[in-house]
Structures are given as C-alpha cells and as structure tokens.
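Here's a quick walk through one protein model, with an eye on its charged pairs and one stretch of its surface. Have a look at the fold before reading on.

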Amino acid sequence: MRWAVALVLLCVAYVVGFALFVVALPMPQGMPLIPPQGLVVFTGGSGRVDAALEVVRKGFGGPVLISGVHEDVKLHELVPADVVAAIPPENLTLDYEAHTTRENVLNTVNWAAEKGITDIAVVTNRFHALRCRVLFVLLAPHMRPTMLVVADGAGWETLWKEYNKLLFAPLVM
C-alpha cells in the first residue's frame with residue numbers, strides 16, 4: 001500500500017512540476033542593458049539565428065558563436081552579407097560539432113575560454129532556456145549566461161519533451 005501512495009505522490013509531483021515549468025517559461029526580451037562579452041546562438045529552433053542576427057544588426061560587434069550548425073550549411077547560407085560585413089571575421093564562429101544541447105554548452109565553454117570571456121548572451125527558445133541555464137550551472141559554473149529567449153509556437157508535446165529533458169539533464173552528466 002505504501003508503494004501505491006508513493007507512486008501517486010510521485011505522479012502528482014511530476015504533473016505539478018510540469019505545470020510550474022510551463023508557467024515559468026521566460027518571455028522574450030532584448031539585450032541586457034550592460035552588453036555581454038559574447039553572443040551565442042544554439043541552432044535547432046525557429047527564430048533563434050534570426051534573433052541573433054538582429055542583435056548584430058543593432059550594433060553588437062562580436063564575438064558571435066553559432067553552435068550546432070549542420071555540416072552542409074555554409075556561412076553565406078546562414079548569415080546574410082550585411083551581418084558578415086558588420087562583424088570582423090575573427091569574431092564570427094560557426095560550430096559544426098555540436099549535435100545536442102549539452103554539446104552546445106560544452107563547445108560554448110571552450111569557445112569562450114579561447115576568447116577570454118565569461119559573460120555571454122545565449123539566444124534560444126523559451127522552452128529551451130531553463131535547460132540551457134541548468135547545463136551551464138552544471139558544466140560551467142564560472143560562466144554568466146543571460147538567456148535571450150525568442151518567441152516560439154511550442155505545443156504541449158514539445159513542452160512535455162523539454163520538461164523531461166530538463167528533469168534528466170543532471171543525470172546524463
């Protein structure tokens with residue numbers, strides 16, 4: 001009987017946790033008042049790259065990391081010429097190695113160390129921001145990421161998947 005009560009309590013905690021996750025999703029916002037030392041965008045969600053490019057168009061000169069770029073995508077296909085012209089070539093890096101959020105974070109840590117920076121803005125979707133923050137805390141507690149979230153049309157299935165990934169993020173370290 002005790003195991004049944006424990007199972008019910010676990011299920012209730014899971015559902016309440018999901019509800020809190022959905023309610024706590026951050027709202028889209030612009031750059032912080034104090035500009036970060038670097039800008040990072042994790043590909044994989046709609047609007048992320050465009051949002052990062054808009055930050056550059058508004059005057060951010062880099063360094064910029066676009067992490068998780070598909071191996072077949074070339075710079076000119078991803079970044080318009082006006083943005084490429086606005087950033088010195090050494091300040092624009094495409095990361096073709098990351099395939100997961102964990103790899104995005106690890107490659108960002110390495111990139112930031114090469115650049116000598118710890119204060120970054122990370123462009124990602126609302127539903128993805130909390131897991132990104134948790135991974136930065138676990139993998140790079142010395143870094144200070146600010147999440148620049150973009151609006152998304154995430155449905156319940158996407159939110160449920162992301163919630164589960166968030167729950168298991170500390171376990172797959």
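What follows covers the salt bridges, one helix and a surface patch.

Keep in mind that this is a predicted model. The count of salt bridges comes to 3, and here they are:

| Pair | Closest N to O distance |
|---|---|
| Asp 82 and Arg 57 | 2.9 Å |
| Glu 162 and Arg 131 | 2.5 Å |
| Lys 161 and Glu 157 | 3.3 Å |

Take the Asp 82 and Arg 57 salt bridge. Asp 82 sits in helix α4 (residues 81–86) and Arg 57 in helix α2 (residues 48–57), so the pair ties together parts that are 25 residues apart in sequence. Asp 82 is partly exposed at 45% relative accessible area, and Arg 57 is partly exposed too, at 41%.

Glu 162 and Arg 131 also form a salt bridge. This pair links distant parts of the chain, with Glu 162 in helix α7 and Arg 131 in helix α6, 31 residues apart. Both partners are buried.

Lys 161 and Glu 157 stay within helix α7, 4 residues apart, or about one turn. Lys 161 is partly exposed at 43%, while Glu 157 is exposed at 54%.

Now for α7 itself. Its 13 residues (156–168) should span 18 Å at 1.5 Å a residue, and the end C-alpha atoms are indeed 18 Å apart. Its buried residues include Leu 159, Tyr 163 and Leu 166, and what covers the buried residues includes α1 and α6.

Last, the surface: Val 8, Val 12, Val 16 and Leu 20 make a nonpolar patch of about 360 Å². Val 8 lies in helix α1 (residues 2–23) and is exposed, with 51% relative accessible area.

Definitions and conventions
Residues are numbered from 1 along each chain as its sequence is written. This is a predicted model: local features need pLDDT of at least 70, side-chain atom pairs count only at pLDDT 80 or more; totals for chains, interfaces and linings use all residues. Side-chain values use heavy atoms; hydrogens and water are left out. Patches are made of residues with over 30% relative accessible area and no salt bridge: like charges are joined within 9 Å, nonpolar side chains (Val, Leu, Ile, Met, Phe, Trp, Tyr) within 5 Å. Accessible areas come from the Shrake-Rupley method with a 1.4 Å probe; for residues, only the protein chains shown count as cover. A salt bridge is a side-chain nitrogen of Lys or Arg within 4 Å of a carboxyl oxygen of Asp or Glu. Helices (H or I, at least four residues) and strands (E, at least two) are DSSP runs, numbered from the N terminus. Buried means under 20% relative accessible area, exposed over 50%, partly exposed in between (1.4 Å probe, protein chains only). The expected span of a helix is 1.5 Å times one less than its number of residues. Contact means heavy atoms within 4.5 Å.
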